[in-house]
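Visitor: Could you take me through one part of this model up close? I'm curious about the charged side chains and what surrounds them.

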Amino acid sequence: MKSLIILRHLSVENANAIAGLTYGFPAISNFLGFTHALSRALQKDHGLVLGGCAVICHQHAVQAYQPAGWGDYVFSLTRNPLTKEAKTAAFNEEARMSMDVSLLIECDFTSYDFDFDTGSTKGDITQLEQYLTQKVLMQRLAGGTIQSIKQVQFAEIPQEIEKRDQFTRKQLLRLLPGFALVNRPDVLQAHHQALQASNPDADLIDAWLDFSALKYQAISSEEHPNEESKATWQRIPKPDSGFLVPISMGYHAISPLYAQGEVASTRDANTPFRFVESAYSIGQWISPHRIHEIESLIWRYQCTDDAYLCKNLYQPAKSTQ
């Protein structure tokens, strides 16, 4: 990674808030897809290719409400036009949200690779930033409309270790207040092993649900409680500390790869087809000031024969105690 493109404070309206079994924030594949679309436009016009991206959320609000003023939330849905018979048309429930996010996009090129020919490095960088600003506002992010963007910045990463550390610290502090999303499969695996120690039949989904479900347990003050004993309900904390959340991180194959045209009613009859299901993991929201390397925040595609996943290289700091 030689440089960064920093998209500061993208204000997005009506973004998709559901990702498979999870809701509250778009799947990470939405942000990589946005970066990929931007990269294709940049490659076509100027021969430059973008890499992965990091996601920092500053604000978010799911469009939901409580009908009775308390209890469960329901999504705020749009009112669709009536049918010819003056009846309510059938529709799929959609969850929308507004969000304010910043993206850090990795680049393996420098200003010397630009073709703007303005006669100065500063002028070339300005041309690139203006080009990206225009392209970003023309795209959608997670199905939502980008209302505004505060700043597009191209920054080359210093090669000297001391200057690189100063650059990293400066850029990450400028993203406050906000939280960066990272992948934590180690937490999920550790909890799964703990469950299997007491219950050998525990599946990985059981461990994942402990991070996603709200669980309460009845606690009685009696030594030998029965059905008539009084008890108080206490919330069971998540298996580990930190701002841990369930996330959708791609797709996994559930069928063989069929030849083009072999499966009827596909969107593209000229492309091989395969049935897939969503893949899940555990993510963590971390304040950028706790990060020492931007590399650890970058999400990238990882494609194999039977999986299409989004992963990053974050590793938690080891305790010194």
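Visitor: Let's start with R96: is it buried or exposed?

Guide: R96 is buried, because its relative accessible area is 19%, and the cut-off for buried is under 20%, with exposed over 50% and partly exposed in between (1.4 Å probe, protein chains only). Before we go on, keep in mind that you're looking at a predicted model, where local features need pLDDT of at least 70 and side-chain atom pairs count only at pLDDT 80 or more, while totals for chains, interfaces and linings use all residues. Residues are numbered from 1 along each chain as its sequence is written, and side-chain values use heavy atoms, with hydrogens and water left out.

Now, who does R96 pair with? Its side chain meets that of E94 in a salt bridge, at 2.7 Å from N to O. A salt bridge here is a side-chain nitrogen of Lys or Arg within 4 Å of a carboxyl oxygen of Asp or Glu. Side chains of opposite charge can pair when their charged atoms come close. E94 itself is partly exposed, with 41% relative accessible area, whereas R96 is buried.

By that rule, the count for the model is five salt bridges. Another one joins R300 to E106, whose closest N and O atoms are 2.9 Å apart. This pair links distant parts of the chain: R300 sits in strand β15 (residues 299-303) and E106 in strand β7 (residues 96-107), 194 residues apart. Helices (H or I, at least four residues) and strands (E, at least two) are DSSP runs, numbered from the N terminus. R300 is partly exposed at 23% relative accessibility, and E106 is buried at 9%.

Then there's D210, which forms a salt bridge with K215, the closest N and O atoms being 2.3 Å apart. D210 is buried, at 16% relative accessible area, while K215 is partly exposed, at 32%. Elsewhere, salt bridges with shared partners tie E106, E295 and R300 into one network.

D210 also leads us to helix α5. The buried residues of α5 are A207, W208, D210 and F211. They lie on the same side of α5, because they cover an arc of only 150° around the axis; that arc is taken over the directions from the helix axis to the C-beta atoms. What covers these buried residues includes β3, α4 (185-198), β11 (215-220), β13 and β14 (276-286). Covering is judged by contact, meaning heavy atoms within 4.5 Å.

One more acidic residue is worth a stop: D124, found in helix α2 (residues 121-138). D124 counts as buried, because its relative accessibility is 11%. What does D124 touch, leaving out residues up to four places away in sequence? The answer is F114, F116, D117, T118 and G119. Take F114: it is 10 residues from D124 in sequence, and the two C-alpha atoms are 6.8 Å apart in space.

To pull the charged residues together: E106, D210 and D124 are buried, at 9%, 16% and 11%. R300 and K215, on the other hand, are partly exposed, at 23% and 32%.
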